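Trainee: Hi! I have a new structure open and could use a guide. Can we walk through it together?

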Amino acid sequence: MRDFTYPSIITTAKGLFRALGLRFTMTGTEHVPREGGVLLACNHIGYADFVFGGLAANPSGRKVRFMAKREIFDHKIAGPVMRSMHHIRVDRADGLDSFHEAVRYLREGEAVGIFPEATISRSFQIKEIKSGAVRIAAEAGVPLLPVIMWGTHRIITKDHPKDFSRGKTIALAVGEPLHPTGEDPVGEAAELKAALQKLLDETIRAYPAAEQPEGSWWLPKSYGGSAPTLEEAEVLDANEKRERAARRAAKRAAKK
């Protein structure tokens, strides 16, 4: 694919990272092949994850085409930028087109990024994931790489104010490739979730202790933080979904 804007956007992003004084730790990036189709399955803890997630493939010289929700593409500013970088538009009501587009990209040798949890995890642990990632990788016949980000949520995420103060550590970890066959999508999705959770645990343990003291809101309760548990986060997600549905219904009623 021809990339007219992606290189300059990467350069700009790296300049912003330097301005914010971000420190990066990256492990397992050698698992990203330098050529050929590969699907990166990333955890989702913050609004800027697609910016940071692409860095996992940077040492291999790859540009990642992320699958992102339709609403971003509908935005008057973000939409043209996303399209110029050849990211993939996902309509959650009907994901068949994005499935086929991702498979096409992969068969053409592209690196594609996907967030198999679909939405941000308020618990900062791995939520239940759908089988889409393993089905896409199996259909395209490409390796599936678990990718973990940690620290991105400290900058911008749900339910917490933005924090652009300097000196945060951003950890990126890439796991060994999985090779889904599509014969057991549910079982293979469970395997992906287990790989992501293991990699997340390792990444949290290796993260600078001084940056995640006990009681930190960005740290899971199982590690001494005050983030919601997975069960508590599910309740918050359900409440948010109901509130959004109510707002949409109110808007429709107002137009009548």
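Mentor: Happy to; we can talk about the sheet, then the helices across it, then the aromatic rings. Keep in mind that this is a predicted model.

Trainee: Okay, sheet to start. How many strands form it, and in what order?

Mentor: Seven strands form an open sheet, and going across it you meet β1-β7-β6-β2-β5-β3-β4. The pairing is mixed.

Trainee: Which are the edge strands?

Mentor: Those are β1, residues 23–27, and β4, residues 88–90. Each of them pairs on one side only.

Trainee: And by how much are neighbouring strands turned against each other?

Mentor: On average by 20°, ignoring direction.

Trainee: What holds strands together in general?

Mentor: Strands of a sheet pair through backbone hydrogen bonds, either parallel or antiparallel.

Trainee: Then take β2 and β5: parallel or antiparallel?

Mentor: Parallel. Strand β2 (residues 38–42) is joined to strand β5 (residues 111–114) by four bridges. If you want a spot to zoom in on, alanine 41 has isoleucine 114 in β5 as its bridge partner.

Trainee: Nice. Now helices: which strands does α5 lie across?

Mentor: Helix α5, residues 96–107, lies across β2, β3, β4 and β5. Its direction is at about 160° to β4.

Trainee: What about α7, where does that one lie?

Mentor: Helix α7 (residues 185–206) lies across β2, β6 and β7, and runs at about 35° to β6.

Trainee: Changing topic: how many aromatic pairs does a search of the whole structure find?

Mentor: Six. One of them is phenylalanine 17 with phenylalanine 52: the ring centres are 4.9 Å apart and the planes are at 20°, so this pair is stacked. Phenylalanine 17 belongs to helix α1 and phenylalanine 52 to helix α2, so the pair links distant parts of the chain, 35 residues apart.

Trainee: Are those two buried or exposed?

Mentor: Both phenylalanine 17 and phenylalanine 52 are buried. They also form one aromatic cluster with Phe24.

Trainee: What about phenylalanine 66 and phenylalanine 115, how is that pair arranged?

Mentor: Stacked as well, with 5.5 Å from centre to centre and 10° between the planes. Phenylalanine 66 is in strand β3 and phenylalanine 115 is in the loop between β5 and α6, so the pair ties together parts 49 residues apart in sequence.

Trainee: Why does phenylalanine 115 count as buried?

Mentor: Because its relative accessibility is 12%, and buried means under 20%. Phenylalanine 66 counts as buried too, at 0%.

Trainee: Last one: what sits over the ring of tryptophan 218?

Mentor: The charged end of arginine 154, at 4.7 Å from the ring centre.

Conventions:
Residues are numbered from 1 along each chain as its sequence is written. This is a predicted model: local features need pLDDT of at least 70, side-chain atom pairs count only at pLDDT 80 or more; totals for chains, interfaces and linings use all residues. Side-chain values use heavy atoms; hydrogens and water are left out. Two strands pair if DSSP finds at least two bridges between them. Helices (H or I, at least four residues) and strands (E, at least two) are DSSP runs, numbered from the N terminus. Axes are lines fitted to C-alpha atoms, for helices over the stretch in contact, and angles run from 0 to 180 degrees between N-to-C directions. Contact means heavy atoms within 4.5 Å. Rings of Phe, Tyr and Trp (its six-membered ring) pair if their centres lie within 6.5 Å; planes under 30 degrees apart count as stacked, over 60 as edge-to-face and the rest as tilted. Buried means under 20% relative accessible area, exposed over 50%, partly exposed in between (1.4 Å probe, protein chains only). A charge sits over a ring if NZ of Lys or CZ of Arg is within 6 Å of the ring centre and within 35 degrees of the ring normal.
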